[in-house]
Amino acid sequence: MARRKLIAGNWKMNCLKADGVALAKAVASRYKAAGQPRYDMLMCPPFVLIPAIVEAAAGSGVAVGAQDCHAQEKGAHTGDTSAWMLKDAGCGYVIVGHSERRTNHAETDEIVKAKAAAGLAAGLKVIICIGETLAERDAGQTLDVNRRQLHGSLPDAATPANTVIAYEPVWAIGTGRTASPEQAQEVHAMIRAELTGRYGAAAAQEYRILYGGSMNAKNAAELLAQTDIDGGLIGGAALKVDDFMAVGEGSPK
Ligand code: PEP
């Protein structure tokens, strides 16, 4: 079956309100003007901008998501934000397990799985990030590391309708160094094979598996043409409207 591509922007810790709203409005109007694009679009701004970006994107069909959530619904967790709060603020998605969270906040697969479960319980779609470091790739551990992270991070309630996997080789994030289409496809094919083992072939064919790591207007089309690459999780290029839109507009039919 044809999987609808998802072009997702991870703004990370960028944009003050005026710049973020201007970016979101430009993306929203370009997406809406395109009629019914053959791809889904998502913007994931910093927490504090979410209400403004939800308003800026309203009626355009572009979804808004968050970059993280806490695993609990509420309580004494100073500085944290729950998935239920994100849903309440108008988010449709939450990213969990980004390598910057895994590295900077010591998030383990177990923590990522709990956060993903919370996102699903709150009614959000979750994007679960996995990916190997350069040292792991050089040591020939790429498939094993991604397999372990995949199974360790997937919550029991995951389905193709509510969960997206993002393969993001750590060495390609924010470095300008992109996985070759063949390198990315090899890992995506392994992920789909693991999903087949876990959920059966029909469900596995419906899961969307995104590539992330220095994806941009120039390299996106070739990556998105790979059999098992169903979209992109885009950092730097998502902050420039022309670059971000070009990824979606250039994606193969
Ligand atoms: C990301 O933040 O998930 C990412 C892939 O960043 P970049 O596109 O800048 O490498």
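**Reading the predicted chain**

User: How do you know that the protein chain has charges of both signs?
Analyst: The chain has 26 positive and 27 negative side chains. Lys and Arg count as positive, Asp and Glu as negative, while His and the chain ends are not counted. The centres of the two sets lie 5 Å apart, with each charge placed at NZ of Lys, CZ of Arg, CG of Asp or CD of Glu.

This is a predicted model: local features need pLDDT of at least 70, side-chain atom pairs count only at pLDDT 80 or more, and totals for chains, interfaces and linings use all residues. Residues are numbered from 1 along each chain as its sequence is written, and side-chain values use heavy atoms, without hydrogens and water.

User: Why is the protein chain called as compact as a globular protein of its length?
Analyst: The globule rule is 2.2 Å times the number of residues to the power 0.38, and the radius of gyration is taken over C-alpha atoms. For 253 residues the rule gives 18 Å; the chain has 17 Å, close to that value, so it is as compact as a globular protein of that length.

User: What makes both faces of strand β8 covered?
Analyst: Buried means under 20% relative accessible area (1.4 Å probe, protein chains only). Gly231 and Leu233 on one side are buried, as are Gly232 and Ile234 on the other.

User: How do you know that β1 and β7 each pair with β8?
Analyst: Pairing needs at least two bridges found by DSSP. Strand β1 (residues 5-10) has 4 with β8, in the parallel sense. Strand β7 (residues 208-212) has 2, also parallel. Both therefore meet the definition. Leu233 of β8 is the bridge partner of Ala8 and of Gly212.

Terms used. Buried means under 20% relative accessible area, exposed over 50%, partly exposed in between (1.4 Å probe, protein chains only).
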